[in-house]
Amino acid sequence: MLFLACLGGMVFQLLSIPIPWMLGPLVFVLIGQFFLRNLAWPHALRNSGMVLVGITIGQAFVVDVFLESNVAELIIYLVVLNISLLVFAFMLARLTQRWTGQSFMNALVCSIPGGLSQIIMFAVEQKNIDVAQVTYFHVIRVLAVVILIPFIISPHATESPTVPFVFTDVPALVMLVGVCVIGVPLAAFLRVPTPYILGPVIVVMVLKIYGVDLPVLPTTLQQLAQLCIGAYIGLLLKPHMLKLSPKVLIAGVLNAALLLLITYIGALLLMQALPIHFATAFLATAPGGLDQMGILAAAVGASVSFVTLFQLVRIFFIFFVAMPIVQMMNRKALNTKNASRLFNG
């Protein structure tokens, strides 16, 4: 599978396709698993890629950007965007319910754009949620975001500077990666979302604040991170998922398309309100994960600081505001259903 991922990266680079070392492995592995059996990508490789992404985000994060901005205005935009996204998710869930015939709670969990693994774990913990449908909807969303967004923002992107690999920097790089790996269990202990990314981000930012001279991550390591995450995403859409009903399959695609459309509109509005480029605005509002949007932001020269902040706030909003609301609604629906059964019995 490593050969397949590397081949995809090289082919996409030769074809001058945006973000080749992420999209190439993703597409080649995605297609390859329908013809080759027992393809697997170790979690250690994916996690290693996420650590490298965290280091890249931490190094690119510029606190001065926010000190120079109107913090109150930023907070207002963050709150409005997240509330709007939640309201749209409820509307999308109602449309999905009517089209597929599934329960509203099931459609709602399918429509809220949270982190893939966290949403699936949430679905597993609930009693009346179809985990297979939820997994399919969110996998399609991730694939749509990662595959389509690079092509949408590429006309607005600026080429990131190439950082050569220097052998004399190896000891410093090894020390930096080692220190950042230590930050992962600390972030996990503090229950920080996506600890493999935010742990290294926090470590790098603390080191920068204390004036530690850090080596810049070479472009080859950034491409390796893209490959590790791209190959992992390519394996998400399993062949057995396509055995769902045609209506559910179509609804998953339409759901992802509508989420992208509403965030595209949100990005255009955000551009009018803040002095940022379209690539930054779209990656900040896109319904993807922090790792994928962080990689894309660094690769296309967008403001990693803005993208990270907006994606991070969205993650916290989804898991500390939206998901508790959904859980409360689900519990109420179950109690009403059980009461109805007792009454009819």
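**Exercise 1. Classify the residues that line the largest cavity by polarity.**

Solution. The lining divides into five nonpolar, four polar and no charged residues. In this scheme Ala, Val, Leu, Ile, Met, Phe, Trp, Tyr, Cys and Pro are nonpolar, Asp, Glu, Lys and Arg are charged, and the others, Gly among them, are polar.

The model is predicted: local features need pLDDT of at least 70 and side-chain atom pairs pLDDT 80 or more, while totals for chains, interfaces and linings use all residues. Residues are numbered from 1 along each chain as its sequence is written, and side-chain values use heavy atoms, with hydrogens and water left out.

**Exercise 2. Locate the largest cavity and state its volume.**

Solution. Step one is the definition: on a 1 Å grid over the protein atoms alone, a cavity is a set of points where a 1.4 Å probe fits but cannot get out, and lining residues have an atom within 4 Å of a point. Points are joined across faces, edges and corners, and the volume is the space filled by probe spheres set on them.

Step two is the count and volume. The structure holds one cavity of 30 Å³ or more, and the largest cavity contains about 70 Å³ of space.

Step three is the lining: Val53, Thr56, Gln222, Ala225, Gln226, Gly294, Ile295, Ala298 and Ala299. Two or more of these residues come from each of helix H3 (43–60), helix H11 (219–234) and helix H14 (290–300). H14 gives the most, with four residues. Helices are DSSP runs (H or I, at least four residues), numbered from the N terminus.

**Exercise 3. Describe the length, environment and capping of helix H8.**

Solution. H8 (residues 131–153) has 23 residues and reaches 32 Å from first to last C-alpha, close to the 33 Å expected at 1.5 Å a residue; the expected span is 1.5 Å times one less than the number of residues. Of its 23 residues, 17 are buried, so H8 is largely enclosed by the rest of the structure. Buried means under 20% relative accessible area (1.4 Å probe, protein chains only). At the N-terminal end, Asp130 caps H8, with a side-chain oxygen 3.1 Å from the backbone nitrogen of Ala132.

**Exercise 4. Characterise the burial of Val51 and Gln33.**

Solution. Val51 belongs to helix H3 and is buried at 6% relative accessible area. Val51 and Val177 are 126 residues apart in sequence, yet 7.8 Å apart in space, C-alpha to C-alpha.

Gln33 is in the loop between helix H2 (20–32) and H3, and counts as buried at 10% relative accessibility. A polar atom of the Gln33 side chain lies 2.6 Å from the backbone oxygen of Leu237.

Key. 1 Å grid on protein atoms, 1.4 Å probe; cavity = no way out; pocket = protein on both sides within 12 Å on 5 of 7 lines; lining within 4 Å. Buried < 20%, exposed > 50% of the residue type's maximum accessible area, 1.4 Å probe, protein only. Polar contact = N/O pair within 3.5 Å; in protein donor to acceptor, adjacent residues only side chain to side chain.
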